[in-house]
Amino acid sequence: QVQLVESGGGLAQAGGSLRLSCAASGRTSSRYSMGWFRQAPGKEREFVARITWTGMTTYADSVKGRFTISRDNAKNTVYLQMNSLNPEDTAVYYCAADPSIVTTRSEYWGQGTQVTVSS
């Protein structure tokens, strides 16, 4: 089992920044691929960014150049630095983990943290 706890959401103005954190605990979590997903009201959950345990990253086109995912394996924590936020980034952000490639079908999820961007 892997437990994930997100933090760092909140309210930001357009053009502002927020940093999300996701602390993982449990068996072999440091070797898992981890990622961030988001779900806006009335929309399906979508991929935002992922990072392998070796540090390889992938981003959704909508956040490339604005968001940065990173991880600290010693702390079993993954981060999402979000810059140049816009109202379209408003959503509940979820952290996920997977022993393979993290996707929307992955088994382990956090409870989510709300990000609201005002114009």
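**Salt bridges, strands and core of a predicted model**

In this predicted model, the count of salt bridges comes to 4. One of them joins the side chains of E46 and R38, with an N to O distance of 2.6 Å. The two partners differ in their surroundings. E46 counts as partly exposed because its relative accessibility is 36%, whereas R38, with a relative accessible area of 5%, is buried. Another salt bridge is formed by K64 and D61, whose closest N and O atoms are 3.2 Å apart. D61 has a relative accessible area of 64% and is therefore exposed, since the limit for that class is over 50%.

A further salt bridge pairs D89 with R66, and here the closest N and O atoms are 2.8 Å apart. This pair links distant parts of the chain: D89 belongs to the loop between β8 and β9, R66 belongs to the loop between β6 (57–59) and β7, and 23 residues separate them. Both D89 and R66 are buried. R66 and D89 are also linked with R38 and E46 in a network of salt bridges. In general, side chains of opposite charge can pair when their charged atoms come close.

A charged residue without such a partner is D98, which is placed in strand β9. D98 is buried but has no salt bridge, and the nearest side chain of opposite charge, that of R50, is 9.0 Å away. This distance lies outside the limit for a salt bridge, which is within 4 Å, so R50 does not count as a salt-bridge partner of D98. The side chain of D98 does make a polar contact, at 2.8 Å, with the side chain of S106.

Strand β9 (91–98) is mostly covered, with 7 of its 8 residues buried. Its pairing with β4 is antiparallel and comprises 7 bridges; F37 has Y94 in β9 as its bridge partner. β9 also pairs with β11 in the antiparallel sense, over 3 bridges, and V92 stands opposite Q114 in β11. With β10, the antiparallel pairing of β9 extends over 2 bridges, and A96 stands opposite W109 in β10. The loop between β9 and β10 (108–109) contains P99. P99 counts as exposed because its relative accessibility is 59%. Although P99 and T52 are 47 residues apart in sequence, their C-alpha atoms are 9.4 Å apart in space.

Other strands form an open sheet. This sheet has 4 strands in the order β1-β3-β8-β7, and their pairing is antiparallel. The edges are occupied by β1 (2–7) and β7 (67–72); each has a single partner strand, so one side of each is left without a neighbour in the sheet. From one strand to the next, the twist averages 15 degrees.

Within this sheet, β1 and β3 are antiparallel and share 6 bridges. The bridge partner of S7 in β3 is S21. Strand β3 (residues 18–26) is in turn joined to β8 (residues 77–82) by 6 bridges, again with the strands running antiparallel. On the β8 side, A23 has T77 as its bridge partner, and L18 has M82.

Two loop residues have a backbone angle of note. N76, in the loop between β7 and β8, is a residue other than glycine with a positive phi, near 50 degrees. S84, in the loop between β8 and β9, also has a positive phi, of about 50 degrees, although it is not a glycine. Most residues other than glycine have a negative phi. N76 counts as partly exposed because its relative accessibility is 22%. S84 has a relative accessible area of 42% and is therefore partly exposed.

The largest nonpolar core has 30 residues, of which L4, W36, L80, M82 and Y93 touch the most other members. Two or more residues of this core come from each of β1, β3, β4 (33–39), β5 (46–51), β7, β8, β9 and β11 (113–118). M82, one of these core residues, is also the bridge partner of L18 described above.

Technical notes
Residues numbered from 1 in each chain as written. Predicted model: local features only at pLDDT ≥ 70, side-chain atom pairs only at ≥ 80, totals over all residues. Heavy atoms only, no water. Pairing = 2+ DSSP bridges. Axes fitted to C-alpha atoms, helices over the stretch in contact; angles between N-to-C directions. Core = buried A, V, L, I, M, F, W, Y, C linked by side-chain atoms within 4.5 Å. Buried < 20%, exposed > 50% of the residue type's maximum accessible area, 1.4 Å probe, protein only. Lys, Arg positive; Asp, Glu negative; His and termini not counted. Polar contact = N/O pair within 3.5 Å; in protein donor to acceptor, adjacent residues only side chain to side chain.
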